[in-house]
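Thanks for coming, everyone. I have one structure today, and I will keep it short. Here it is on the screen.

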Amino acid sequence: MPLIADEKLLFESPSPQDIYCYTPALCRGFGGRIVAGFDLGGPGTEKLAGPRSDSGDYPCGNQLRILLSDDGGASWRESASRLPMLHAMLFRAGKFLYAIGQSGRLVISRSADNGESWSAPAVLESEHRWHQSAGRIDFRHGKLYLVYEQRIPEAPWPGVSPVLMAAREEADLCDPASWTFSEPFRAEALFDRLAAAGWRHRGGGVPGVLETSVIRIHDPDHAFFDPEDRTVLLLMRAETGSGNVGAVLKGVERPDGTLAVEPLESPAGSPLFLIPLPGGQLKFHIDYDPVSRLYWMVSSPKVDGCRKPGLPWYEACGDRRRLELFWSSNGLEFASAGMVAEGRGKLDSRHYASLLFDGDDLLVLARSGDCRAKTLHDGNLITLHRVRNFRERAK
């Protein structure tokens with residue numbers, strides 16, 4: 001399949017064998033600025049200048065880097081701050097930019113100067129340990145809605161439960177009191193129900209959901225449209241041992257402002273949980289484009305033969321080599337719009353991407369690797385891909 005995007009190298013690891021590039025994130029700053037974030041992890045991060053998270057992929061912690069572009073992504077420079085967090089989402093709310101992430105604890109940092117510098121992370125919740133990636137945030141009613149995930153103590157991987165969070169955009173988002181949290185949703189009960197009906201994890205492992213994006217249904221004719229506008233859909237990566245399977249739940253904001261994550265029912269009244277989703281076995285990123293009135297997703301679909309038997313999972317996952325763009329009119333059923341990027345070599349990876357609408361173009365920021373990478377999972381590059389006139393690819 002021919003590529004539909006160009007590629008630009010934004011960052012490369014100073015030590016590919018022990019410092020790895022994770023969690024690409026994009027957001028629009030003020031005045032047309034583009035803001036990109038990623039964290040560095042691995043046993044070599046102790047060599048990095050600047051602070052590191054208390055908890056990370058390795059005991060020495062992770063470090064969030066933030067890059068800025070004022071010319072549409074042609075050139076980039078690093079901000080003045082390096083932050084001790086990982087798994088960060090970047091977003092604009094009110095007069096500020098924010099990075100919400102984790103350092104074991106759930107933390108958030110604010111920029112009052114359009115990303116030039118960032119505050120020391122404030123702690124939003126410290127009783128639990130947290131996890132996520134750069135998923136979609138929904139903005140509505142002057143509020144923002146996102147999912148971060150609580151770790152389940154002592155549970156095997158993925159071992160997390162989604163928590164729906166909301167706050168007013170104009171509030172002090174570094175103040176824990178500004179946020180409302182749902183109870184964590186334990187998806188194990190839904191998997192148990194499937195198992196009772198004969199379903200099994202294809203690889204014999206432990207099933208779970210993780211790395212959630214929040215979308216809202218805008219079409220009044222959609223089966224899951226909520227005329228009271230209090231419901232969002234949570235689209236999730238599903239660990240099932242199968243490729244191209246994701247999961248869906250719903251988030252509800254009750255009239256009193258409290259939040260809940262609940263199972264979703266089909267129009268016929270039956271439970272709807274695991275769904276066909278290209279690349280749903282790996283982290284994906286989805287967003288709604290009000291111009292085309294379509295949902296756009298970048299993901300890493302699993303193809304036959306991409307997993308090599310006998311290799312560790314982090315080397316065997318050939319789906320990490322490719323990024324494909326998809327579109328959908330309903331947010332649940334997707335058609336291909338073309339291949340964004342594809343690694344050709346044994347260690348060439350392009351995966352775990354985030355997307356950002358940029359006028360007529362679509363920007364995709366990817367966690368990538370080349371022949372110097374440690375593994376397909378532990379890459380050494382951050383790359384930016386531009387799909388020009390992307391809306392024309394919805395056919």
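**A pocket, a sheet and two cysteines**

The second largest pocket has 28 lining residues, and Arg-136, Ile-137, Phe-139, Asp-287 and Leu-356 lie nearest its centre. A pocket here is an open set of points on a 1 Å grid over the protein atoms alone, where a 1.4 Å probe fits, with protein on both sides within 12 Å along at least five of seven lines; lining residues have an atom within 4 Å of a point.

This is a predicted model: local features need pLDDT of at least 70, side-chain atom pairs count only at pLDDT 80 or more, and totals for chains, interfaces and linings use all residues. Residues are numbered from 1 along each chain as its sequence is written, and side-chain values use heavy atoms, without hydrogens or water.

Back to the pocket. The lining splits into 15 nonpolar, 5 polar and 8 charged residues, with Asp, Glu, Lys and Arg as charged, Ala, Val, Leu, Ile, Met, Phe, Trp, Tyr, Cys and Pro as nonpolar, and the others, Gly among them, as polar.

Now the cysteines. How many disulfides does a search of the whole structure find? It finds 0, a disulfide being a pair of cysteine sulfur atoms within 2.5 Å. Why is Cys-174 not bonded to Cys-27? The closest cysteine sulfur to that of Cys-174 is in Cys-27, 14 Å away, too far for a bond. Cys-371 is in no disulfide either; its nearest cysteine sulfur, in Cys-21, is 14 Å away. Cys-174 is buried at 14% relative accessible area, whereas Cys-371 is exposed at 67%. Buried means under 20%, exposed over 50%, partly exposed in between, with a 1.4 Å probe and protein chains only.
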